[in-house]
Amino acid sequence: MSETPAAAWDAAIEGLRPLRSLALITHVRPDGDAYGSLIALGLALEDQGKRVSLYCEDGMIDRYRFLPGAEKVQRPPQQAPDADALIAVDCAAAKRLGAACQHWAIRPWLNIDHHESNERFGAINIVDPHRPATGELLFELFRRAGWPVTPAIADNLFVAISTDTGSFRYRNTTARTFEVAAELSRLGARIADLSLACYGSFPLRRTRLLKETLQDLTLDCGDRLAFYRITQEMYARTGARPEDTEGMIENIISTEGVDLAIVFEERKNGTVKMSFRSKGAVNVNEVARRFGGGGHPQAAGAELPGSIANVQEQVLPAARAALGAGAAPSDQR
Ligand SMILES: [Mn+2]
C-alpha cells in the first residue's frame, strides 16, 4: 500500500465532525512518536471544540514531560471512559493498547498508525507503513481537515517525527518528511530545544545502565550479530528504569559491520522483551513476527515468557538464520 486511500481520510474527517468527546490512547512502552502523536491529535481536537481524554498505560514518563500538553496524559481507567469514540495512535496491535482497555465496552473506532504489522483493528484504519512516523500522518490529517497547527501541536509533531526517524537518519526518512519538518519549524516548533530534550539530556542512571550493557555485549556471526541483556539486577544496581532504554540499541546497531542488534530485557512479569534493529540486510519485522511481535523492517519488538537464557535459545538461531548464517553454534568470541 503506497498511500492511505482517500476514502479512509474522508471517513475519518467526516466521522469526527459531529463527535463531541473523544478518548485517545497510544501503545504501552511509549516512545516520542506515541506521545507526540497522542498529544498533537488531542490538542487539535480540543481546538475543534471537542472534549478529549488522553491515555497511555504507562502514564506520562519523565523523559517526555517537556512536551507541551504532557500534563493531559493519564493512565487509562479500568472502566471505559465516557466518550463518543476511541482513537488509537501509533499502535500496531490492539493488545499493545494495554491491559485496562482490553475490557472496555468501547472498541477503537479510528486506528491511525504506520507500522507494517498493523492489525487494522479499527472501524476506520489510516495505516501507511511508508510514513516514518504517525506524526507525519497526523500532519496530513490536520492539513486535509483544515485544522490549524499551533506552535504546541508543531512541537509535538516534530518530536514524533524526529524520534521515529532517528533524527532524520533512518531509511524511512523521505523528502516529504523534511518538507513536513520545515513546515513545522515555520509553524513554531522549537527545533533546538526539542532536540536537546530528546537527545542531549539523558539522566545519569541511563549512562550507568549503558555502561553495564556494553560490558555485557556479545558479538556473534562474524561480528554481524550483536546482542546484550538488561536484567532486573542491572536496573536495581544502576537505578535506571525501563523507559530509559529507548534508543540505547542505537549505540550497538551503529557499529560498522553489525547488521542485526538485539536487546534481551528481563521484565518483572517473568517475560523477556526483545528489541531488534537492522540496517536493512535483515527484515526484523519478519523475525519479530515469528515470536508474536512485529514493528518495522528495521526496528521491531517481541516478548516471550521465560528466562533470558531460554528466550535466547529460541531467538538466536532465528537471528543467525536471518543473517544467512544458519542455526549452527555461534562463532562467539
Ligand atoms: Mn511510531
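This tour proceeds through a predicted model, from its nonpolar cores to a helix and then to a sheet.

**The cores**

Begin by selecting Leu24, Leu38, Ile87 and Leu157, the residues with the most contacts inside the largest nonpolar core, which has 58 residues. Next, colour residues 32-47: this is helix α2, which gives the most to this core, with nine residues. Centre the view on Leu157 and display its surroundings. Beyond residues up to four places away in sequence, Leu157 touches Gly36, Ala40, Gly135, Leu138, Phe139 and Leu184. Another core, of 32 residues, lies apart from this one; to find it, select Cys221, Leu260, Leu316 and Ala319, which are among its members.

**Helix α5**

Select residues 175-186, helix α5. The 12 residues of α5 should span 16 Å at 1.5 Å a residue, and the 17 Å between its end C-alpha atoms agrees with this. Now highlight Thr177, Val180, Ala181 and Leu184, which are buried. Turn the view to look down the axis of α5: the buried residues fall within an arc of 100°, so they line one face of the helix. An α-helix has 3.6 residues a turn, so residues three or four places apart point the same way. On the other side of α5, select Ala175, Glu179, Ala182 and Arg186, which are exposed. To see what covers the buried residues, add α3 (134-145) and α4 (151-164), which are included in that cover. Leave the helix by way of Gly188, which follows α5 and has a positive phi, near 115°.

**The mixed sheet**

Move to the open sheet, whose six strands run in the order β7-β8-β9-β10-β12-β11 with mixed pairing. Its edge strands, each pairing on one side only, are β7 (218-220) and β11 (294-295). Starting at the β7 edge, select residues 225-230 as well: this is β8, which pairs with β7 in the antiparallel sense over three bridges. Asp220 has Leu225 of β8 as its bridge partner.

Add residues 308-322, helix α11, which packs on the sheet and touches β8, β9 (260-266), β10 (271-278) and β12 (299-305). The direction of α11 makes about 170° with that of β9.

Cross next to β10 and β12, which pair in the antiparallel sense over seven bridges; here Val272 stands opposite Leu304 in β12. Finish at the β11 edge, where β11 and β12 pair in the antiparallel sense over two bridges. Gly295 stands opposite Ala300 in β12, and a hairpin of three residues joins β11 to β12.

How values were computed: Residues are numbered from 1 along each chain as its sequence is written. This is a predicted model: local features need pLDDT of at least 70, side-chain atom pairs count only at pLDDT 80 or more; totals for chains, interfaces and linings use all residues. A nonpolar core is a set of buried Ala, Val, Leu, Ile, Met, Phe, Trp, Tyr and Cys residues joined through C-beta atoms within 7 Å. A residue is buried if 20 or more other C-beta atoms lie within 10 Å of its own, exposed if 12 or fewer, and partly exposed in between; C-beta atoms are placed from the backbone. Helices (H or I, at least four residues) and strands (E, at least two) are DSSP runs, numbered from the N terminus. Two residues are in contact if their C-beta atoms, placed from the backbone, lie within 7 Å. Two strands pair if DSSP finds at least two bridges between them. Axes are lines fitted to C-alpha atoms, for helices over the stretch in contact, and angles run from 0 to 180 degrees between N-to-C directions. The expected span of a helix is 1.5 Å times one less than its number of residues. The arc is that of the directions from the helix axis to the C-beta atoms.
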